Amino acid sequence: MVKNSKNIISILLVMVLLCQGCGHSADGVTGSGTAVTDVAGTSLTDSIRSDSGTDNSSADNSAENISGTENTGKDSSNTGKTDSEKADTEQPNTDSSNTNSSNTNSSNTDQSNADKSNTDKSDAEQSNTDSSVIEEQNDTTKENNTMTPEISEKDFYIAMISDEIFARMKGKSYKDDCNVPIEDLRYIHILHKNLEGNTLEGEMVCHEIIAQDLLEIFEELYLNNYPIERVELVDNYDADDETSMTANNSSCFNYRCISHTTKISKHGLGIAVDINPLYNPYTKIVDGTRTIEPAAGAPYLDREADFPYKIDENDLCYKLFIEHGFQWGGSWTNSKDYQHFELPDAVADELRAKYK
Ligand SMILES: [Zn+2]
């Protein structure tokens, strides 16, 4: 029995040992699971970690690398490509057109250069734009000078005779015995064109009853580039009519009486105007002798000849004065006064009666 018991115990021990060896016990599932997990987990995890780690790592790395490479690549390719494009294409073009700097610097510098060049270019374009605007303005100004002059109240206006103007007139056109009240006279300021197309300032003293007409006539002449050589107060010529006419000066008021009478002349009343007198002289034959005023206007007595400033019935100046109720000295029969436009005798007589 003891021997059997020993045998039985031995058998049991062997079974126990065998069971532990194969590990397929009920506990062994968990245990083996644990053991498997532990063993296989270690190896698999390591290998998986290693593999996936490698994969992941390579994936990550590649992802990182890809994204990194892509990003970096994109960045670098963007930066590089952009820079290299700028450096290779835009930059040299920009630089060659705008600056002389070489593109051997870094991309950033190139970029800065590109920006700077762009800025320079913008400036250049800006200045080009500015200069073209100025050119346009110049063209406009030129156009205004030659084609479409504008009327401004600061250029074309009527004023009472100021103390300053009266000081210029006193003792000259406004003689000491002048019985036309200074309050009835007007100063008009105008612009006019000369034969070369240049704009000049003009000033004239006239009777108040024609001031508005004269202003409108001179405005129209100016707008039509009608050439008038000069429009100055006759006082600039010491009120000497011959000197003023010889200078081809257009004028109006100059107090005087008709020769050998006490009748105030129409110029004396400020209701007669002479335009471009040198080229449109006065002439009359007295006792077989021709009088020409100004004498220097003799070459222009031939009214069939062609010369500048000539007034005839096709002339704009003639038409405008006629429209405003003036009469032309070129229409007279006993004498000719081609420069001269005046209000009718009836108006003159009325004024003379008023100032007597
Ligand atoms: Zn006259």
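This is a short chat about reading helix packing and strand order in a predicted model.

Trainee: Let's start with helices. At what angle do the axes of α5 and α8 cross?

Mentor: Look at the angle between their N-to-C directions. Here α5 (residues 208-223) and α8 (residues 316-323) have axes that come within 10 Å and cross at roughly 155°. Angles over 145 degrees count as roughly antiparallel, and α5 and α8 are therefore roughly antiparallel to each other.

Trainee: And is the crossing of α5 past α8 right-handed or left-handed?

Mentor: Right-handed. On the α5 side, I217, E220 and L221 make the contact, and they meet L316, C317, L320 and F321 of α8. Sort those contact residues by character and you get six nonpolar, no polar and one charged.

Trainee: Now the sheets. In what order do β1, β2 and β3 sit?

Mentor: Read across the sheet, following who pairs with whom. This one is open, in the order β1-β2-β3, with antiparallel pairing. β1 (157-160) and β3 (199-207) each have a single partner strand, so one side of each has no neighbour in the sheet. Neighbouring strands are turned by 25° against each other on average, direction ignored. For a register check, β1 and β2 (residues 185-193) pair over four bridges, and Y157 has H189 in β2 as its bridge partner.

Trainee: Which strands does α5 lie across?

Mentor: β1, β2 and β3, and α5 runs at about 5° to β2.

Trainee: Which strands are at the edges of the sheet with β9?

Mentor: β4 (272-274) and β7 (327-328), each pairing on one side only. The order is β4-β9-β7, again antiparallel. β7 and β9 (residues 340-342) share two bridges, and Q327 partners E342 of β9.

Definitions and conventions: Residues are numbered from 1 along each chain as its sequence is written. This is a predicted model: local features need pLDDT of at least 70, side-chain atom pairs count only at pLDDT 80 or more; totals for chains, interfaces and linings use all residues. Axes are lines fitted to C-alpha atoms, for helices over the stretch in contact, and angles run from 0 to 180 degrees between N-to-C directions. Angles under 35 degrees count as roughly parallel, over 145 as roughly antiparallel, 65 to 115 as roughly perpendicular and the rest as oblique. A crossing is left-handed if the near helix is turned anticlockwise from the far one by less than a right angle, and right-handed if clockwise. Two residues are in contact if their C-beta atoms, placed from the backbone, lie within 7 Å. Ala, Val, Leu, Ile, Met, Phe, Trp, Tyr, Cys and Pro count as nonpolar, Asp, Glu, Lys and Arg as charged, and the others, Gly among them, as polar. Two strands pair if DSSP finds at least two bridges between them.
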